[in-house]
Amino acid sequence: MPSRLLQVIALTLTALGLAPGAAHLLELPVKLAYPPALYAQVTSTLYALFGPVGGAVQMAAMVTVAVLAFRSRRLPQGRLLAASAAALLASLLLWAFLVAPVNGEWGSSVDVSQAEFAAAYARLRARWEYGHVAAFIAWFAGWLGMAAAFTMLPPAGVGIRLQP
């Protein structure tokens, strides 16, 4: 298995990458009950750092897990790590195809009337919210697979060898 430091970095980045999706999931029931104008106001201001910070963390996590999967390709954990990297990539692709287009459309709605702004948010909020849920589920699956790979016991009769 690759170095413990790389494993800790991957676990940490991937766990931090869960935070934005978990926040969206926990906010979902409350935000869906908001009237369109309040929803538009909250959603257009609350998530300013989610993309720059959360996106950077998630990209770094995916790359780190992919590196671990490559370095472990001949070990029993290699398949789990490859599946984890694929799940993290799937999460990012779900976000790109489901959520990002909504962000773009909402971003182009800032120069319209308040009523049109709220209507644009109301029309697309289900796709935006449930897109985040889908991305979170894929990310969580990636994290679980990675945690399972790191805690796998070696086959019977094989000694555990830690690398620095």
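Visitor: Why does Ala40 count as buried?

Guide: Ala40 has a relative accessibility of 1%. Buried means under 20% relative accessible area, exposed means over 50%, and partly exposed is in between (1.4 Å probe, protein chains only), so Ala40, at 1%, is buried. A note before we go on: this is a predicted model, where local features need pLDDT of at least 70 and side-chain atom pairs count only at pLDDT 80 or more, while totals for chains, interfaces and linings use all residues. Residues are numbered from 1 along each chain as its sequence is written, and side-chain values use heavy atoms, with hydrogens and water left out.

Visitor: Where is Ala40 found, and how far is Ala40 from Ala122 in space?

Guide: Ala40 is found in helix α2; helices are DSSP runs (H or I, at least four residues), numbered from the N terminus. From C-alpha to C-alpha, Ala40 and Ala122 are 7.6 Å apart in space, with their positions 82 residues apart in sequence.

Visitor: What lines the largest cavity?

Guide: Ala40 is one of its lining residues, together with Ala37, Gln41, Gln114, Phe117 and Ala118. Helices α2 (36-46) and α5 (114-150) are the elements that give two or more residues to this lining.

Visitor: What makes a space a cavity and not a pocket?

Guide: On a 1 Å grid over the protein atoms alone, a cavity is a set of points where a 1.4 Å probe fits but cannot get out; a pocket is an open set with protein on both sides within 12 Å along at least five of seven lines, and lining residues have an atom within 4 Å of a point. By this rule there is one cavity of 30 Å³ or more, and about 30 Å³ of space lies in the largest cavity. That volume is the space filled by probe spheres set on the points, which are joined across faces, edges and corners.

Visitor: How many nonpolar, polar and charged residues line the largest cavity?

Guide: Four are nonpolar, two are polar and none is charged. Here Ala, Val, Leu, Ile, Met, Phe, Trp, Tyr, Cys and Pro count as nonpolar, Asp, Glu, Lys and Arg as charged, and the others, Gly among them, as polar.

Visitor: And what is the volume of the largest pocket, and which residues are closest to its centre?

Guide: The volume of the largest pocket is about 560 Å³. It has 32 lining residues, and Phe50, Gly51, Trp95, Asn103 and His132 are the closest to its centre. Helices α1, α2, α3 (50-71), α4 and α5 each supply at least two lining residues, with the largest share, eight residues, coming from α4. By class, the lining of the largest pocket has 18 nonpolar, 14 polar and no charged residues.

Visitor: How do you know that Glu129 and Lys31 meet in a salt bridge?

Guide: Their N to O distance is 2.9 Å. A salt bridge is a side-chain nitrogen of Lys or Arg within 4 Å of a carboxyl oxygen of Asp or Glu, so the pair, at 2.9 Å, fits the rule. Glu129 lies in helix α5 and Lys31 in helix α1 (residues 4-32), so this pair ties together parts that are 98 residues apart in sequence. Both Glu129 and Lys31 are buried.

Visitor: How many salt bridges does the structure hold?

Guide: It holds two. Besides the pair of Glu129 and Lys31, Glu105 and Arg123 meet through their side chains at 2.6 Å, N to O. That pair links distant parts of the chain: Glu105 is in helix α4 and Arg123 in helix α5, 18 residues apart.

Visitor: Why does Glu105 count as partly exposed, and Arg123 as exposed?

Guide: Glu105 has 33% relative accessibility, which puts it in the partly exposed class. Arg123 has 53%, over the 50% cut-off, so Arg123 is exposed.

Visitor: What makes Leu89, Leu93 and Phe97 a nonpolar surface patch?

Guide: Patches are made of residues with over 30% relative accessible area and no salt bridge: like charges are joined within 9 Å, nonpolar side chains (Val, Leu, Ile, Met, Phe, Trp, Tyr) within 5 Å. Leu89, Leu93 and Phe97 make a nonpolar patch of about 300 Å², with areas from the Shrake-Rupley method and a 1.4 Å probe, where only the protein chains shown count as cover. Phe97, in helix α4 (residues 77-107), counts as exposed at 59% relative accessibility.

Visitor: What makes Tyr121 count as buried?

Guide: Tyr121, in helix α5, has 5% relative accessibility, so Tyr121 is buried. Its C-alpha is 9.0 Å from that of Ser44, and the two are 77 residues apart in sequence.
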